[in-house]
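Please open the model in your viewer and keep the sequence panel beside it. This tour tells you what to select at each stop and what to look for once it is selected.

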Amino acid sequence: MTATTTDTSPAYTPAAESLHAVLDAGEQPPRPSALSASLTFGWRAMLKIKHVPEQLFDVTAFPIMMTLMFTYLFGGALAGSTTQYLQFLLPGILVMSVVMITMYTGLGVNIDIEKGVFDRFRTLPIWRPAALVGALLGDVFRYSTASAVILSVGLILGFRPAGGVGGVLAGIGLLLVFSFAFSWIWTMFGLLLRTEKSVMSVSMMVLFPLTFLSSVFVDPATMPGWLQAFVNVNPVTILSDAVRGLMMGAPDGSDIMWTFIASGALLAVFGTLTMRLYNRK
């Protein structure tokens with residue numbers, strides 16, 4: 001009888017050969033660039049969605065429910081026609097839904113901290129903000145999915161953007177820029193607060209006034225003067241008006257400019273505070 005053996009050695013690929021050559025020479029592998037590290041952590045966020053697809057419930061079922069509910073509850077009363085009201089409402093609902101799901105960035109960061117995952121990330125020889133930036137980049141996929149779902153439902157219900165495909169894409173692009181910057185607020189809270197429930201509670205306390213006291217549902221001109229004073233300077237109002245103008249073919253340069261200014265300010269302030277907390281954590 002002849003004994004048979006099984007080769008259990010790993011496959012010898014060109015990449016493995018290159019790695020062995022580096023190790024044999026006593027050299028350290030090159031440090032990944034900031035972009036490479038951030039994209040890797042972004043891919044990690046995508047894999048989390050792949051393995052737990054229930055995470056997409058909030059960016060699919062929730063936007064559909066919001067669109068249908070507000071269109072048919074308020075359409076007839078506010079505009080006399082659900083189809084007519086939908087032309088005003090849908091860009092606002094798009095903004096509201098995406099802005100509200102930005103809070104899940106902070107929840108994800110808080111969960112990783114509680115599990116000790118971020119302690120491991122901080123010991124790696126990579127660009128320090130990569131883990132946070134990558135998580136935010138992964139969430140951009142969630143925002144894009146929610147936008148696609150809402151637009152699809154809106155088109156089925158009768159939404160007809162006068163700005164065409166270009167206006168719609170420009171509006172979504174502006175929304176994604178603002179949402180990426182806005183997410184840094186919840187990332188800071190995810191680092192600052194102790195529990196996931198605390199992050200969610202604080203997030204909802206901030207998000208509800210910002211989204212409901214805005215031009216998402218109605219024109220601020222119909223509101224009392226004292227309320228208009230807040231609504232008109234609310235960044236969600238400015239964003240909603242900018243996205244609505246782009247989609248309807250009547251872009252307002254002032255609203256677009258202030259949206260970019262607000263995004264830059266959010267990123268500068270809360271990005272800096274978040275990194276200080278992250279380095280001290």
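Some stops use the words buried, exposed and partly exposed: buried means under 20% relative accessible area, exposed means over 50%, and partly exposed is in between, with a 1.4 Å probe and protein chains only. The model is predicted, so local features need pLDDT of at least 70 and side-chain atom pairs count only at pLDDT 80 or more, while totals for chains, interfaces and linings use all residues. Residues are numbered from 1 along each chain as its sequence is written, and side-chain values use heavy atoms, with hydrogens and water left out.

**The whole chain**

Begin with the whole chain in a cartoon view, where the secondary structure comes to 12 helices and 0 strands. Helices (H or I, at least four residues) and strands (E, at least two) are DSSP runs, numbered from the N terminus. Of the 281 residues in the chain, 41% are buried. If you switch on the surface, its accessible area is about 14700 Å², and 67% of that belongs to carbon and sulfur atoms; such areas come from the Shrake-Rupley method with a 1.4 Å probe, and for residues only the protein chains shown count as cover. Contact here means heavy atoms within 4.5 Å, and among the contacts with a separation of 6 or more, 78% are between residues 24 or more positions apart.

**Helix 5 and its partner in helix 2**

Next select residues 103-115, which form helix 5. The expected span of a helix is 1.5 Å times one less than its number of residues, so the 13 residues of helix 5 should span 18 Å, and the 19 Å between its end C-alpha atoms agrees with this. Buried residues in helix 5 include Met103, Leu107 and Asp112. Just after the helix, glycine 116 takes a positive phi of about 85 degrees.

Now add arginine 44 to the selection, and show the side chains. Which residue does arginine 44 meet in a salt bridge? Its partner is aspartate 112, at 3.2 Å from N to O, where a salt bridge is a side-chain nitrogen of Lys or Arg within 4 Å of a carboxyl oxygen of Asp or Glu. This pair links distant parts of the chain, since arginine 44 is in helix 2 (residues 34-51) and aspartate 112 is in helix 5, 68 residues apart. Arginine 44 counts as partly exposed because its relative accessibility is 26%, whereas aspartate 112, at 7%, counts as buried.

**Two salt bridges within single helices**

The structure holds 3 salt bridges, and the next two stops show pairs that each sit inside one helix. Select arginine 142 and aspartate 139, whose side chains meet at 3.9 Å from N to O; they are 3 residues apart in helix 7 (residues 130-157), and therefore separated by about one helical turn. Both arginine 142 and aspartate 139 are buried.

Then move to helix 11 (residues 235-247), where aspartate 241 and arginine 244 also lie 3 residues apart. Their closest N and O atoms are 3.3 Å apart in a salt bridge. Aspartate 241 is partly exposed at 26%, while arginine 244 is buried at 9%. An α-helix has 3.6 residues a turn, so residues three or four places apart point the same way.

**Two buried residues**

Select phenylalanine 178 in helix 8 (residues 164-192), which counts as buried because its relative accessible area is 1%. Leaving aside neighbours within four places in sequence, phenylalanine 178 is in contact with residues including Val99, Pro235, Leu239 and Leu266. The C-alpha atoms of phenylalanine 178 and leucine 239 are separated by 8.1 Å, although the two residues are 61 apart along the chain.

Continue to threonine 274 in helix 12 (residues 253-280), which is buried with a relative accessible area of 0%. A polar atom of the threonine 274 side chain lies 2.6 Å from the backbone oxygen of phenylalanine 270. With neighbours within four places again left aside, the contacts of threonine 274 include Leu132, Trp184 and Leu191.

**A last stop in helix 4**

Finally, select glutamine 87 in helix 4 (residues 82-101), and look for a polar atom of the glutamine 87 side chain 3.0 Å from the backbone nitrogen of arginine 160. Beyond neighbours within four places in sequence, glutamine 87 is in contact with Gly158, Phe159, Arg160 and Met248.

Notes. A polar contact is a pair of N or O atoms within 3.5 Å; within protein, one must be able to donate a hydrogen and the other to accept it, and residues adjacent in sequence count only if both atoms are side-chain atoms.
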